Amino acid sequence: MSACSKNYELKKQEKPNVILILTDDQGYGDLSCHGNPYFKTPNMDKLHEESVRFTDFHVDPTCAPTRAALLTGKYAHNVGVWHTIAGGNHLKTNELTMANVFKESGYATGLFGKWHLGANYPYRPIDRGFDEWLGQGDGGTGTTDDWFDNDRVNDYYWHNGEKKKIEGYAPDVFYNAAINFIKQKKESKQPFFVYLPTYLPHHPHTVPDVSMANNFGPEVPKNVSYFYAGIQRIDRNIGKLRKTLENLQLADNTILIFMSDNGGTEGVKMYNAGMKGRKGQAYEGGHRVPFFIHWKNGAIKHGKDVEDLTSHFDVLPTLIDLCGLKTKTHDTINFDGRSFKQQLYNPEKKLEERILFVENQRTFKAQPWVNMAAMTNRWRLIDNTELYDMETDFAQTTNVINKYPDVVKNLRVAHKNYWEKVTPNDREVPRPIIGSEKDTEVFLTPSDWYLPAVPWNHSQVAKGFSEVGEWHITVETNATYTFEVSRWPREAKAPIAGVPSFKNKTVDAWLPQGGVKKLIYGNTMVALPVQAIALQVGDYNQTKPVKITDTSVVFEVPLKAGNTSVKGQMLNSENNVIAGTYYIYITKK
């Protein structure tokens, strides 16, 4: 037995705590330790210095698919997540999550930040293994299930399914909540798994103080400076978190992981670490991200690089292996990923060669080779039409598909096998459950309409998005249900045929263009000439008039247990459809 193995055996008697930090839209080049010359990230750099670093680590090109794969150990396409909106961001309910695994092994589990895998029961974090959940909109601040005028400063949050106002800047709020959770578990002597997926530095790039964006040189455009300012705020919070762990004497036996959810965005134009592509694309810059792992008591090879091709769905199998997790169900899971534990102790070790796939497929019918990369350590086959040799052409400038037919054939065969595995039932329609004691009020919003284009943020709703969509639901019990239907969410306090007033909104958040006076995604407000609302729920179909002062219209709908669909429509004086009703609150009478 090696010295490091003996050391590990001595120290593994206590279950290690685990903290998983996932930033949002921070590319591989958006850290100074990766060579960015425009700004500094001292705490990320320190963690990089003290970690095993995976330099060829990949996620999906967009956020919800990455989160699904990370939390299940499976391809996102394999667990029903293929989009960030339109119902495509709902993790199948039969899938076990990382939180489930840790919870079954005796850990306390907490999520502080962005979930993006479903906003209603049974898709919420507290339905999927998390004891504690603090977040804003499922997909981000300002999205349609978020509090109407949130702007990341002094906002309302979802806390274990209830809305709660908390003062402060969003990344500070999440890190402070995580620290409080950790302190509680220290006191109760319970090991913990903390998932910290901040909404930053994803746009809109709000800051609580414009001086935060003034710390960069004249060569950095204003919008990029706000983006960098968000990263620096996360960096500061990482430093605060690590200091807390030290003070609590938890630092040595805590596995700390840092990564991002997709390729770069605003920072790409400044520095992209020599890569082609950005978020949403199948080129390298769309899905290669930083991945650092630190664990002092584990005696892993800190300060070393693992160059082997690795991916997001490898993290859960590795943590099961590394922490010795034993649950009732995980031994039978058919993971797409594999453990890289051996490489933490021997970074030069090459595991068995594999072909991996990442994709950004937002088609409503699965189509092979749409915005997809097939990857080996050496090769990248993009969309089945471009082949790149990463050993000689890291920037992906020269397509060599006609030069290596055997390589292409091998990758295409692997893709066929992959496709046969992931596509069955891959477009399963999500169904929030109404009438359950676990979620007494279901809040339907238009980002979950099953349409190619949906209004996914409040600003799009405010502009009067004209499409009509429907939701699919499951009725748990025979009962009469109250459907409160409106154009605006309750907190907007606006009449259906009018627009909200923002006279009481405090300007405490700033974008590059100035203070946020209305909505984080835009200020345009359009009144619609709504005279009636029609509601269809299965066989139930009724229309009610809208008074000028009405903020919502209430329908009492008798329903039987089972699956059904919901559609609301706003009508004008000539009984023509203006648009779908954007918001519906459903409770059992």
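A residue counts as buried here when its relative accessible area is under 20%. Keep that cut-off in mind as you click through this predicted model.

**Stop 1: L250**

Select L250, in the loop between helix 6 (222-247) and strand 9 (254-260). Is L250 buried or exposed? Its relative accessibility is 12%, so L250 counts as buried. Now show what surrounds the side chain and backbone: leaving out residues up to four places away in sequence, L250 touches N17, I182, K186, F192 and L245. Pick K186 from that group and draw a distance between the two C-alpha atoms. You should read 8.1 Å, although L250 and K186 are 64 residues apart along the chain.

**Stop 2: R124**

Next, jump to R124, which sits in the loop between strand 4 (108-112) and strand 5 (132-135). This arginine has a relative accessibility of 5%, so R124 is buried too. Which backbone oxygen lies 2.9 Å from a polar atom of the R124 side chain? That oxygen belongs to K438. Colour the other contacts as well: setting aside neighbours within four places in sequence, R124 meets W115, G118, A119, W133, G161 and D439 in addition to K438.

**Stop 3: helix 9**

Now select residues 405-422, which form helix 9. The helix has 18 residues, and its first and last C-alpha atoms are 26 Å apart, close to the 26 Å expected at 1.5 Å a residue. Show the side chains of V408, L411, A414, H415, Y418, W419 and V422, the buried residues of this helix. Turn the view until you look down the axis of helix 9: the buried residues fall within an arc of 145 degrees, so they line one face. Add strand 13 (356-359), strand 14 (372-375), strand 15 (379-382) and strand 16 (386-389), which are among the elements covering those buried residues. Then rotate to the face turned away from the buried side, where you will find the exposed residues P405, D406 and K409.

**Stop 4: two cysteines**

Select C33 and then C323. C33 counts as partly exposed because its relative accessibility is 23%, whereas C323, at 12%, counts as buried. If you are looking for disulfides, a search of the whole structure finds zero.

**Last stop: colour by confidence**

Finally, colour the chain by pLDDT. The average is 96, and 97% of the residues score at least 70. Zoom in on residues 1-12, where the pLDDT is below 50. In the model this stretch has 13 contacts beyond near neighbours in sequence.

Technical notes. Residues are numbered from 1 along each chain as its sequence is written. This is a predicted model: local features need pLDDT of at least 70, side-chain atom pairs count only at pLDDT 80 or more; totals for chains, interfaces and linings use all residues. Side-chain values use heavy atoms; hydrogens and water are left out. Helices (H or I, at least four residues) and strands (E, at least two) are DSSP runs, numbered from the N terminus. The expected span of a helix is 1.5 Å times one less than its number of residues. Buried means under 20% relative accessible area, exposed over 50%, partly exposed in between (1.4 Å probe, protein chains only). The arc is that of the directions from the helix axis to the C-beta atoms. Contact means heavy atoms within 4.5 Å. pLDDT is the predictor's confidence in each residue, from 0 to 100. A disulfide is a pair of cysteine sulfur atoms within 2.5 Å. A polar contact is a pair of N or O atoms within 3.5 Å; within protein, one must be able to donate a hydrogen and the other to accept it, and residues adjacent in sequence count only if both atoms are side-chain atoms.
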